[in-house]
Amino acid sequence: MKPHTQHPLTNITQQQETLRNFSAITKNGTTNTPLAQESNDKKPHTQHPLTNLTQQQETLQNFSTITKNGTTNNPLAQESNDNDARVPPSSNIVLKNDENVSFAQKYSDGVLENLASRRNGSDGSVKWVSTELEPNLTENLLSRWLAPEGEPCRESRTVEIVIRGLDGKDLIELTAGDSHEFGFQALDESKNLVCSGGDYFETDLSGEAWKSRPLVRDFGNGSYSILLQVHPDFAGDYNLTLILLYRHFQGLKFSPWRFVFDKQLRKFRIKFVKGGAPLPKIETCEKSDFNRDLWLGRWTRQAKNDGCQISNDGRYRCLAPDFPCQSPWCSGSLGLLESNGWVYSSHCSFRLFSADSAWNCLKNRWIFFWGDSNHVDTIRNMLNFVLDLPQIPSVPRRFDMNFSNPKDASQSVRITSIFNGHWNETMNYEGFNSLMDKGFRNLLKKYFSEDTVPDTIIMNSGLHDGVHWHSLRAYSEGAGYAASFWKEVMDSVKQRGLAVPQIFYRTTIATGGYARSLAFNPNKMEVFNWVALDKFRRAGLVSGVIDNFDMTFPWHFDNRCSDGVHYGRAPAKMKWRDGEIGHQYFVDLMLAHVLLNALCSR
């Protein structure tokens, strides 16, 4: 049994140890960092909260308390005694260490600085950054969310951060390939340390041909770190943006729009230069690759047609249909994605399917979808763009149909889709609670009581749950009931001697633009994804995961690729929500191909 780990900032005299040597942030009474900007244009311009400090000579001295006075040198250490205080994950970070991202805590003048500019393999090799859900995630998360505050530093809320190693520099130069980890500390409106976690930071690392969401890690005590990594093939100029969307789990509240903060705290210019060791080659996804619960992918751009214009049918045919993918980032014809060169990859890369290869995979199969209206869009996009059935303009929320290959009538696939936003398909905002209706439960059971049953289930829930459930605890109970219901259904299939369907859980999207402040905001959706996965994993239901949250996150800051809650709305040359004519639909089309990779991989 591990010893009790004391909160690393509890018994120190922080009041005498704050904000000394603040030269990394301020100089001669002015700041060298970009001003904190509002991401909502209607909000007034906010002065950088560190500009007029009288404590410019003071900084985070003695911030090494985590490694001193008997406390653990690993702020992520988990207690093995249920009665001990735990350090569960925060709302935007998963805190189970992976060997690819674990590191020894080192502090310089009290501030975590470029901890992981290193070769992160035991043999000095470079590995891709990765992360995963920790055991007992739901219990740990609830424990932290409900933890009493008590101390002033735990009751205060973040308005600013200190990032030593990045602040005060006009241009930061880092080696491509290596992972670079920078620590930062939360400060309140009085420029004092915040010593509780749970802040939700939106991060974006964008270059001309790269878009990704850098991993942020929450140490539960007001200190965080951010990990940056870019493949050497994409060395060049980047912008790193950090936005504080919610403070201290407030995005999980029933009325989160009352608490949204949504301020851009930093925007750095970074140049990644070649010089590091090469990263392992990304291989094409196999069946085992979908066992990973959390993906840390990136969108890369293989080509660009600067003169591409929207067509009369709302589509962007920027590259020739047979324009090839570049290895290792994808395989197949990139032009089919209609993304003007963008493609998503993660710990593995994806095959982009032609109509022939997709039909060869799906023939004689029965795919069952259970989820929100994003499923509806993805199914339609798969039929229109991949399976060569453009004459199907839409599919309803609830249907059970056979579709045939227009070039070979002997090839057909049965697709069943049951909307779970409500037990009444014309209504919304129930999510997992839709299973409280007996008629709805019986409808679902019917499809698994026949002589044949679906071979694959693709399920999802989240957007409607965000509106329905009043608290994280209530949602966790709803997700637990959903897991028990589906376990009962799968057990009944097994007892009848039939092959149990494989189940892929598709995580809920990162809602975009205006929806970032609503009941289904990204903070809440990410946590709900984790809890649902935790519950379904414990029930032994999950065969694989498609992390659509990670896929959509780099595009969620505005509404160019979504209407806020859907990334797959049908193309149309009409005024879109952001005022432009037409919209981008390739993010959801990429999901259709990822689903085919999961369905067809061996």
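Helices, taken as runs of H or I of at least four residues, and strands, taken as runs of E of at least two, come from DSSP and are numbered from the N terminus. I keep to that numbering in these entries, and I note at the outset that the model is predicted.

**Entry 1: the loop between strands 16 and 17**

I began with Glu338, which is found in the loop between strand 16 and strand 17, and whose phi is near 50°, a positive value in a residue other than glycine. I then looked up its accessibility: because buried means under 20% relative accessible area, Glu338 counts as buried at 7%. Asn340 lies in the loop between strand 16 and strand 17 as well, and I find there a positive phi of about 55°, although Asn340 is not a glycine. Asn340 counts as buried too, at 13% relative accessibility.

On the other side of strand 16 (330-332) I checked Pro328, which lies in the loop between strand 15 (298-301) and strand 16. The peptide bond that leads from Ser327 to Pro328 is cis, and its omega is near 5°.

**Entry 2: aromatic pairs**

How many aromatic pairs does the structure hold? I find 31 of them. For Trp342 and Trp555 the ring centres are 5.4 Å apart and the planes stand at 85°, so I record this pair as edge-to-face. Trp342 belongs to strand 17 (residues 342-345), whereas Trp555 sits in the loop between helix 9 (548-552) and helix 10 (586-600), so the pair ties together parts that are 213 residues apart in sequence. Trp342 and Trp555 are both buried.

A further edge-to-face pair is formed by Trp370 and Trp486, at 5.3 Å centre to centre and with 65° between the planes. This pair also links distant parts of the chain, with Trp370 in strand 19 (residues 365-371) and Trp486 in helix 7 (residues 472-495), 116 residues apart. I looked up burial here as well, and both Trp370 and Trp486 are buried. Trp370 and Trp486 belong to one aromatic cluster, whose other members include Phe368, Phe432, Tyr447, Phe448, Tyr475, Phe485, Tyr505, Phe528 and Phe536.

I also searched for charges over rings. Arg298 lies over the face of Trp128, 4.5 Å from the ring centre, and Arg577 lies over the face of Tyr514, 3.6 Å from the ring centre.

**Entry 3: helix 8**

Helix 8 covers residues 522-538, which makes 17 residues, and from its first C-alpha to its last it reaches 24 Å, close to the 24 Å expected at 1.5 Å a residue. Is helix 8 mostly covered or mostly open? I find it mostly covered, with 15 of the 17 residues buried.

I looked next at what flanks the helix. At the N-terminal end, Asn521 acts as a cap, with a side-chain oxygen 3.0 Å from the backbone nitrogen of Asn523. Just after helix 8, Gly540 takes a positive phi of about 70°.

**Entry 4: strand pairing**

Which strands are joined to strand 14 by bridges? Strand 7 (residues 172-175) runs parallel to strand 14 (residues 263-273) and is joined to it by 4 bridges, while strand 13 (residues 236-246) runs antiparallel to strand 14 and is joined to it by 9 bridges. For register I note that Leu174 has Phe272 of strand 14 as its bridge partner, and that Leu242 is partnered by Arg266 of strand 14.

I then traced an open sheet of 4 strands, whose order is 6-8-12-11 and whose pairing is antiparallel. Its edges are strand 6 (160-162) and strand 11 (215-218), each of which pairs on one side only. On average, with direction ignored, neighbouring strands of this sheet are turned by 30° against each other. Strand 11 and strand 12 (residues 223-228) run antiparallel and are joined by 4 bridges, and Arg217 has Ser225 of strand 12 as its bridge partner.

**Entry 5: Asn420**

Last I looked up Asn420, which has its place in the loop between strand 21 (408-419) and helix 5 (438-446). Its relative accessibility is 1%, so Asn420 counts as buried. What lies 3.0 Å from a polar atom of the Asn420 side chain? I find the backbone oxygen of Asn460 at that distance.

How values were computed: Residues numbered from 1 in each chain as written. Predicted model: local features only at pLDDT ≥ 70, side-chain atom pairs only at ≥ 80, totals over all residues. Heavy atoms only, no water. Expected span 1.5 Å × (residues − 1). Buried < 20%, exposed > 50% of the residue type's maximum accessible area, 1.4 Å probe, protein only. Polar contact = N/O pair within 3.5 Å; in protein donor to acceptor, adjacent residues only side chain to side chain. Pairing = 2+ DSSP bridges. Phe/Tyr/Trp six-rings, centres within 6.5 Å; stacked < 30°, edge-to-face > 60°. Lys NZ or Arg CZ within 6 Å of the ring centre and 35° of its normal. Axes fitted to C-alpha atoms, helices over the stretch in contact; angles between N-to-C directions.
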